[in-house]
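Trainee: Could you go through this model with me? I'd like to hear the reasoning behind each label, not just the label.

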Amino acid sequence: MKKNKVRIIQILPTLSYGDGVSNDTLAIDRILRKNGFRTKIYAENIDKRIPKETVQHIARLPRLKERDIILYHLSTGSRLNDLLPGFKGRKIIIYHNITPDKYFADYHDFSATLCREGRKSLSKLCTVPEYCLADSPYNREELLENGYSCKIDVMPIIIPFEDYEKTPSGKVMSGYENDGYTNIIFTGRIAPNKKQEDIIEVFAYYQKYYNPKSRLFLVGSYHNMEKYLRRLQGYVQQLGVKHVVFTGHIPFDEILAYYHLADLFLCMSEHEGFCIPLVEAMYFQIPVIARAGTGVTGTLGDGGILLEGKNPLETAGLIHYVLEHPRVREALTESGSRRLEDFATERMEQLFMNYLNAFMA
């Protein structure tokens, strides 16, 4: 394919292995290369597991020209937020949301500081981009509330669905499958904004009043959130709940195994920019019940049940109703499958290229 004369540079604070923002960055890189663009990724922090040819350190950023296009992924506090206005080139901000620092204030000072500084940068950068892409309608509203007056389109995170076809961990599967337990799951790092305590409370009612032979999988890393983890573990003991599994950071094949074992996905998050696990649950045809609000509403759409408010006893009863009525469960998985079509890789690629071509025109 003939190379496009336009050079497109992606910049982000951290390129990690397996996280949503990083996967989105890598997916965009593949789309740009497929469509003949000269492109490169630059980051300040680079996961050692990322192939060296994939990304370069920000210190190696070449001299940019006015006609170059910068795709800047805004998701946290970083010195790059301060450097961005000084870079030459046409700037597009891809906004992934920044969690309010209040959620981390009692648990991890550095995380709270990063989020606080990131939120300040969100406002300061409002006049910098010519154009913005937001992961969700909620993120778009946040940009508008922070003074962004450029054109803003919604561009969901591009999800590598082919990875979900890999073989799940046999060790995890053999440890839990076919034992007669009902498995409820939530995936996502252990973090206060995700309100794992609300999930635990709902599960406690479900286990006590509806199904004692039930299990809760809380799948996700608790790195830097050990204090919050201890509070959650104490809450489990306080409520007398049994069979609550905190997996911690685990390999991808083990995450897949927990999805394969799950009977229902429960999300009680109070703040999400997009919430990729909702899409993952729909992919694995797991019925979803989630608290409405922030990015959750826009991502789940009509692919599951959205809860207005939080009543743990009522939610526990709803879980029981869904799992005890095969037709209801089937209807939920079918609606999830229909919603999943909106995130199909080909559709996302076309949407991104439509937005990019319109910007360049």
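What follows is a talk about a predicted model, going from the whole chain to single residues.

Trainee: What makes the radius of gyration of the protein chain agree with a compact globule?
Mentor: Set the two values side by side. For 361 residues a compact globule would come out near 21 Å, and the protein chain has 21 Å, so the two agree. As for extent, the C-alpha trace spans about 65 × 45 × 35 Å along its principal axes.

Trainee: How many helices and strands are in there?
Mentor: The protein chain has 13 helices and 13 strands. Of its contacts with a separation of 6 or more, 68% join residues 24 or more positions apart.

Trainee: What share of the residues is buried, and what does the surface come to?
Mentor: Buried residues are 56% of the 361. The accessible surface is about 16700 Å², and carbon and sulfur atoms hold 49% of that. On the charge side, there are 46 positive and 44 negative charges, with mean positions 7 Å apart.

Trainee: Now single residues. Why is Ser136 called buried?
Mentor: The cut-off for buried is under 20% relative accessible area. Ser136 is at 2%, so Ser136 counts as buried. You'll find Ser136 in the loop between strand E6 (131–134) and helix H4 (137–145).

Trainee: And which residues does Ser136 touch, leaving out those up to four places away in sequence?
Mentor: Those would be Val154, Gly273 and Gly295.

Trainee: How do you know that Cys150 is in no disulfide?
Mentor: A disulfide needs two cysteine sulfur atoms within 2.5 Å. For Cys150 the nearest cysteine sulfur is that of Cys132, 3.7 Å away, so by the 2.5 Å cut-off Cys150 is in no disulfide. Cys275 goes the same way by that cut-off: its nearest cysteine sulfur, that of Cys267, is 4.3 Å away, so Cys275 is in no disulfide either. The structure as a whole holds zero disulfides.

Trainee: Are those two cysteines buried or exposed?
Mentor: Cys150 has a relative accessible area of 17%, so Cys150 is buried. Cys275 has 5%, so Cys275 is buried as well.

Trainee: What about Leu307, and why does that one get its burial label?
Mentor: Leu307 has a relative accessible area of 11%, and with the cut-off at under 20%, Leu307 is therefore buried. Leu307 sits in strand E13 (residues 305–307). Beyond neighbours up to four places away, Leu307 touches Met268, Ile289, Ala290, Arg291, Ala292, Thr315 and Leu318. Take Met268 from that list: Leu307 and Met268 are 39 residues apart along the chain, and their C-alpha atoms are separated by 8.8 Å.

Trainee: Why is Pro192 buried when it lies in a loop?
Mentor: The label rests on accessible area: Pro192 has 6%, so Pro192 is buried. The loop runs between strand E8 (182–187) and helix H6 (196–209). Leaving aside neighbours within four places in sequence, Pro192 is in contact with Tyr103, Phe104, Tyr107, Met225 and Tyr228.

Trainee: Then what makes Arg60 exposed?
Mentor: Exposed means over 50%. Arg60 is at 59%, so Arg60 counts as exposed. Arg60 is in the loop between strand E3 (55–57) and strand E4 (69–74). The C-alpha atoms of Arg60 and Tyr42 are separated by 7.9 Å, with their positions 18 residues apart along the chain.

Trainee: How do you know that Glu165 is exposed?
Mentor: By that cut-off again: Glu165 has 60%, which is over 50%, so Glu165 is exposed. Glu165 lies in the loop between strand E7 (151–154) and helix H5 (170–176).

Trainee: Why does His243 get the label partly exposed?
Mentor: Partly exposed is what lies between the 20% and 50% cut-offs. His243 is at 35%, so His243 counts as partly exposed. His243 belongs to the loop between helix H7 (226–239) and strand E10 (244–246).

Trainee: What makes the phi of His243 worth pointing out?
Mentor: Most residues other than glycine have a negative phi. The phi of His243 is near 60°, a positive value in a residue other than glycine. Thr294 also has a positive phi, near 45°, and Thr294 lies in helix H10 (residues 294–300).

How values were computed:
Residues numbered from 1 in each chain as written. Predicted model: local features only at pLDDT ≥ 70, side-chain atom pairs only at ≥ 80, totals over all residues. Heavy atoms only, no water. Helix = DSSP H or I, 4+ residues; strand = E, 2+ residues; numbered from the N terminus. Buried < 20%, exposed > 50% of the residue type's maximum accessible area, 1.4 Å probe, protein only. Contact = heavy atoms within 4.5 Å. Rg over C-alpha atoms; globule rule 2.2 N^0.38 Å. Areas by Shrake-Rupley, 256 points an atom, 1.4 Å probe, with all protein chains shown as cover. Lys, Arg positive; Asp, Glu negative; His and termini not counted. Charge placed at Lys NZ, Arg CZ, Asp CG, Glu CD.
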